[in-house]
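Open the model in your viewer and keep the selection panel handy. We'll go stop by stop, with something to pick at each one.

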Amino acid sequence: MIEAIGLTKRYGAKTAVYNLSFQVRPGVVTGFLGPNGSGKSTTMRMILGLDRPTAGSVTIGGHPFPQLPNAPRQVGALLDAKAVHGGRSARNHLLSLAQLAGIPAQRVDEVLGVVGLQEVARQRSKGFSLGMGQRLGIAAALLGDPQVLLFDEPVNGLDPEGILWVRNLMRKLASEGRTVFVSSHLMSEMALTADHLIVIGRGQLLADMPVREFIAANSAGFARVRTPEGEPEQREKLTAALTEAGGQVLSEPDGALRVAGLPLPRISDLAHGADVRLWELSPHQASLEEAYMRLTQGAVDYRSTDDRLAHLQAPPQPGQPGYGQPPQPVIPEVPQQGWYAPPPPGQNPYASPQPSDTPKDAR
Amino acid sequence: MTAPTPSPAPHSYVSPIPVRRAHLGDALASEWTKIRSLRSTMWTLGVMVLLMLGVGFGVALIVAAASEYPAENESALGMGFFGLLLGSICVMTLGVLTIASEYGTGMIRTTLTACPSRGRVLLAKAIVFFALVFTITTLTATVVAVAQVALVSGPEPTVDQWLRATVGAGLFLALTGLVSLAVGTLIRHSAGAITIMIGVMLMPLVAAMFMMAESLSGVRDWLLAYALPSQMIALYSSVPVEGASGPTGWDPVWIMLVLALGALGGAFAVLNSRDV
């Protein structure tokens, strides 16, 4: 159990973390999310007693980390996979850590086996790939077989097989009753791994809730409804009926309808009542990514802009066609679509060309 | 929604590996593993041994080939000075690297996560480094001293002179290395700390050379007497380098001991108060 109370860290004038209070409970994987520079790593360092909080406190199992009896046997951490001396072999690196913590040396070979680095254990870690470095860092975290585990970006640079392995490892560690605290930028990965989320932005707590609740609270699920193509009057009829029943209906560019606020069976009943045929009625559960983007929109420190190569372009001559004013980006009302409905059968543009009786209009 | 809610703590994990409290002995074993598994250790100490042996034998052979030994009242042991001076640069480099390389690579965070007691880590580093450098320097200095006395005819050295040229040289160099280790802890940057240490070694002599003014003669004499190379000469000779005021006998070792303890004390205080 990790418990932070009013945690604050200032570096000079910059406040990295402000008044952060949360609990990380054992038995579940807790995800730690936030944009770049939002204070995730600073928080992790304060948990481990490496940085001293300006105000507030953070404890592990009731003790601040430096006062923890047998700290390395209770807490394992992967902060930065590059935090190894490249000139030392993987095995010697782990051996020195094991000796420092009073862990038997045969444990080193065990964790090397767990992370799959036995073959390269005697090579200097300088030549390791990013993924191998991550595995070495994870091995160091597992060395003490600890009850509390902290991982900062554990899947960085791992191959798909490695990502799956980390996911299963996290879940297994948590199911053994350990406290697992993982930060990551990969939302899809977090959605699969974490049970609980702590989200911070600009050093402040934005959310502390289960993943499912987080998605439900920060984005609306909706139903996608498609009426027969080429019959706009059917669509209008259905829109009117749904709106009358209290649903919010939005038109999608390809003619489908996005209906929020009505359960799927009710939509079907209403369509039946209005005598409208449906070509599609599908539930759309918002992704964690959408929910996260929506929540942290205001808290992003480093935002990229379009590279317009403005200085390379000749100034537009009046009356001459060319690159004029770039089109202003349209801010969408609804979150970006996470997936696209597959085209109806027979209209697959990638299939072999078939005689089509309904010419598609260019969009 | 953000208020932490107390939860009934579910079953917590208990490791099957027996738990025992780590102590300084564990940290010593760890630091020994670290220092022996790096090539920089082999390089710096290897070069040091080669320099001490090469220069020591070379000087002895040249002097032996000359008709007579220049200083009548000095034993042949004094020729060990040249090797010691060159060896000290290697020891300083290794002393700085022992800790600064951990800062450079970020390894220090991993280390201090595995052992939150920062003082213990620094103490273990200092002990392991001191023991290693002392052993190797003393052995090398002994070989050089025996060879020099055998090759060059001169007055027979006393037991005290023998001890100073072997154990004394080892202690002096190892303590100089500890000062470097402390400076490396304070600076946290390899190149910076090594440069500072070499500056500390050379600056007093260089500065003293330019202190021509009569009013500065006191400072100049002091610098000439207490500069690191002068202290090394004093370690071998029976008379102080500059008049009667300079260090004699075992004084250089005591001076270095005080310096090393002071520097390590400062490093300890800073290490404990600073964010890693």
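Contact, throughout this tour, means heavy atoms within 4.5 Å. This is a predicted model, where local features need pLDDT of at least 70, side-chain atom pairs count only at pLDDT 80 or more, and totals for chains, interfaces and linings use all residues. Residues are numbered from 1 along each chain as its sequence is written, chains are lettered from A and ligands numbered from 1 in the order in which they are written, and side-chain values use heavy atoms, with hydrogens and water left out.

**Stop 1: chain B as a whole**

Select chain B and show it as a cartoon. You get 10 helices and 0 strands; helices (H or I, at least four residues) and strands (E, at least two) are DSSP runs, numbered from the N terminus. The C-alpha trace of chain B spans about 90 × 45 × 25 Å along its principal axes. Of its 276 residues, 49% are buried, where buried means under 20% relative accessible area, exposed over 50%, and partly exposed in between (1.4 Å probe, protein chains only). Take the contacts in chain B between residues at least 6 apart in sequence: 78% of them join residues at least 24 apart.

**Stop 2: Leu173(B)**

Now pick Leu173(B), which sits in helix H6 of chain B. Its relative accessible area is 0%, so Leu173(B) counts as buried. What does Leu173(B) touch, not counting residues up to four places away in sequence? The answer is Met48(B), Leu84(B), Gly87(B), Ser88(B), Val91(B), Val133(B) and Thr137(B). For a distance check, draw a line to Gly266(B): the C-alpha atoms of the pair are 20 Å apart, with their positions 93 residues apart in sequence.

**Stop 3: Ala267(B)**

Jump to Ala267(B) in helix H10 of chain B. Ala267(B) is buried too, because its relative accessible area is 0%. Leaving aside neighbours within four places in sequence, Ala267(B) is in contact with Leu122(B), Ala182(B), Thr185(B) and Leu186(B). From Ala267(B) to Gly54(B), 213 residues apart along the chain, the C-alpha separation is 35 Å.

**Stop 4: helix H9**

Select residues 228-236 of chain B. Because 8 of the 9 residues of this helix, H9, are buried, the rest of the structure largely encloses it. Among the buried ones are Leu228(B), Met232(B), Leu235(B) and Tyr236(B). To see what covers them, add helices including H3 (80-105), H6 (159-187), H7 (190-209), H8 (217-226) and H10 (251-273) of chain B.

**Stop 5: helix H4 and the neighbouring chain**

Bring chain A into view. H4(B) has 7 buried residues out of 8 and is mostly covered. Those buried residues pack against helix H2 (71-74), strand E5 (75-78) and helix H3 (90-101) of chain A, together with H1, H3 and helix H5 (118-151) of chain B.

Widen the selection to the whole interface: 46 residues of chain B are in contact with 51 residues of chain A. The area buried between the two chains is about 4200 Å², and carbon and sulfur atoms give 56% of it; buried area is the accessible area (1.4 Å probe) that two parts lose on being put together, summed over both.

How many salt bridges does the rule find across the interface of chain B and chain A? There is 1, taking a salt bridge as a side-chain nitrogen of Lys or Arg within 4 Å of a carboxyl oxygen of Asp or Glu. Label Lys9(A) and Asp275(B), whose closest N and O atoms are 2.6 Å apart. On the chain B side that touches chain A, helix H1 (24-36), H3, helix H4 (107-114) and H10 each supply at least two residues.

**Stop 6: salt bridges within a chain**

Over all chains, the structure holds 22 salt bridges. In chain A, pick Arg226(A) and Asp254(A), a salt bridge with closest N and O atoms 3.3 Å apart. The pair links distant parts of the chain, with Arg226(A) in strand E10 and Asp254(A) in the loop between strands E11 and E12, 28 residues apart. Arg226(A) counts as buried at 13% relative accessibility, whereas Asp254(A), at 36%, is partly exposed.

Back in chain B, show Asp160(B) and Arg164(B), which meet in a salt bridge at 3.2 Å, N to O. They are separated by about one helical turn because they lie 4 residues apart in helix H6. Asp160(B) is partly exposed at 34%, while Arg164(B) is buried at 5%.
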